[in-house]
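Student: I should like to learn how to read the features of a protein structure. May we go through one together?
Tutor: Certainly; let us look at it.

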Amino acid sequence: MNRSISIAISIFLSLLVSIAGFWFNQTHVLAHRPHDDVYAVKLSGDYQQDQSVFMIVRGNLLKSTDGGITWQRLTAGIDNRGQLLNLTIARQNSQILYISAWGDGIYKTIDGGESWFKVNRGLDNLQLDLLLTDSQGKRVLAAGEEQGLYYSDNGGENFREAIAERKITALAFNSARSEELLVGDRQGELYVSLDGGQTWQQRAKIGKGSVIKAIAVSPQNQTIYVGTEEEGVWQSQDDGQTFTPIDGEDAPVSIKDIVIGNDNRTLLVSERNQGVFALENEAKDWTKLSQGLTKDGQADEPNFQRPHFGDLAISPNFNQDKTLFLAGFNGLFKSTNGGDEWTELDALSARIV
């Protein structure tokens, strides 16, 4: 074959391969299944200074140091075989984070995510989903996907089982009372420890026994807020002895997360299907904050069954910067005006895919 013809054919074939590869990458990015499903999002306790945001999206652990504009994938030391499920950060020492991976247990970082190592000593179950640490990063609560609650008071060096044979579905620390921990279970039961996790007492049953999905304690007046899967938000003003529902027109029903505001928006919650709701001072009704939020029907398909909206992260300086982040099945959303308007961020770029 003539050499010039061979070169022309080679160039033509190379062009075809390049075009095909470009087309595949573009269609893969634009039509991937599932969408940019964000499992968890957390903000640094120094967010006002470092603008650091961490999230788990489609099996990737990402970090942003510019408020969510650009992202870096964190991998050093993370050798998980199962799905990354949850993320927690020490708000007073943002260099300390923990992540849970199904079947792999718990990973910890002490350098803001640059490197990770496992902390599984004492865990007889590595199929963990929920994870929470206190503001210092020393106390850690971890819940098994099927049952069991584990507790560490030394930064994950050792864990011990705290509650057995219960599916724990929500975790909380009382920031104003360092020895008080709260958890909720699948039967709507609230458990409280007053001695730093050493012993636990069943405190109350919420409503008709709907799954408890979120717990938050107001540092100002010690009101306990509990979000349920089917019965909305409940509150207690007597240390959890009794609870009453926070009803009102258009009240959220299927709660995924609760955060305490530090301005006139006393309480903000994420709702599985509708987005974010706020309860303001002296108000009896809820305000829906969903402008700019998007959904995708893929979340409701039988092989996914994922919430449209989940984790809600609030800036430590919310009364000044009004910043919120919301994890969604359709991606990550950010608001800088207290939730009145939301912007979808580029959660998982084509380069990372």
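Student: How many bridges join β1 to strand β2, and which way do the two strands run?
Tutor: Please keep in mind that this is a predicted model. Five bridges join β1 to β2, which covers residues 53-57, and the two strands run antiparallel. One facing pair is valine 38, which stands opposite valine 57 in β2.

Student: Is β1 mostly covered or mostly open?
Tutor: β1 is mostly covered, with five of its six residues buried.

Student: How should I read a whole sheet, and what is the order of the strands in the one that contains β25?
Tutor: One reads the strands in the order in which they lie side by side. Here four strands form an open sheet in the order β25-β26-β27-β28, and the pairing is antiparallel.

Student: Which strands stand at the edges of that sheet?
Tutor: β25 (309-314) and β28 (343-345) stand there; each has a single partner strand, so one side of each is left without a neighbour in the sheet. From one strand to the next, the twist averages 25°. β25 is joined to strand β26 (residues 324-328) by four bridges, and these two strands run antiparallel. Within that pair, phenylalanine 309 stands opposite glycine 328 in β26.

Student: What is the order of the strands in the open sheet that includes β13?
Tutor: The order is β13-β14-β15-β16, an open sheet of four strands with antiparallel pairing. Its edges are β13 and β16 (201-205), each having a single partner strand, so one side of each lacks a neighbour in the sheet. The twist in this sheet averages 25° from one strand to the next. Four bridges join β14 to strand β15 (residues 189-193), and the two run antiparallel. Leucine 181 stands opposite serine 193 in β15.

Student: Let us turn to charged side chains. How many salt bridges does the structure hold?
Tutor: The structure holds ten salt bridges. To read one, ask which residues take part, how far apart their atoms are, and where each residue lies. Glutamate 179 and arginine 139 form such a bridge, and their closest N and O atoms are 2.7 Å apart. Glutamate 179 lies in the loop between β13 (168-173) and β14 (181-185), while arginine 139 lies in the loop between β9 and β10 (140-144), so the pair ties together parts that are 40 residues apart in sequence.

Student: Why does arginine 139 count as buried?
Tutor: Residues under 20% relative accessible area count as buried. Arginine 139 has a relative accessible area of 16%, and therefore it is buried. Glutamate 179, by contrast, is partly exposed at 34%.

Student: Which residue forms a salt bridge with aspartate 185?
Tutor: Arginine 166 does, with the closest N and O atoms 2.9 Å apart. This pair links distant parts of the chain: arginine 166 is in the loop between β12 (160-163) and β13, aspartate 185 is in strand β14, and they are 19 residues apart. Aspartate 185 is buried, with a relative accessible area of 0%, whereas arginine 166 is partly exposed, with 27%.

Student: Which residues are linked in a network of salt bridges?
Tutor: Arg177, Glu180 and Asp239 are linked in this way. Within the network, arginine 177 forms a salt bridge with glutamate 180, and the closest N and O atoms are 3.3 Å apart. Arginine 177 is partly exposed, with a relative accessible area of 33%, and glutamate 180 is buried, with 8%.

Student: Finally, how does one describe a single residue, and where is serine 44 found?
Tutor: One states its place, its accessibility and its contacts. Serine 44 is in the loop between β1 (38-43) and α2 (47-50). Its relative accessibility is 1%, so serine 44 counts as buried. A polar contact of 3.0 Å joins the side chains of serine 44 and serine 94. Leaving out residues up to four places away in sequence, serine 44 touches several others, including Ile89, Arg91 and Pro316.

Student: Where is aspartate 129, and is the residue buried or exposed?
Tutor: Aspartate 129 is in strand β9 (residues 128-133). With 16% relative accessibility, aspartate 129 counts as buried. Its side chain and that of lysine 167 are joined by a polar contact of 2.9 Å. Beyond neighbours within four places in sequence, aspartate 129 is in contact with further residues, among them Leu85, Ser100 and Glu145.

Note on methods: Residues numbered from 1 in each chain as written. Predicted model: local features only at pLDDT ≥ 70, side-chain atom pairs only at ≥ 80, totals over all residues. Heavy atoms only, no water. Buried < 20%, exposed > 50% of the residue type's maximum accessible area, 1.4 Å probe, protein only. Polar contact = N/O pair within 3.5 Å; in protein donor to acceptor, adjacent residues only side chain to side chain. Contact = heavy atoms within 4.5 Å. Salt bridge = Lys/Arg side-chain N within 4 Å of Asp/Glu carboxyl O. Pairing = 2+ DSSP bridges. Axes fitted to C-alpha atoms, helices over the stretch in contact; angles between N-to-C directions.
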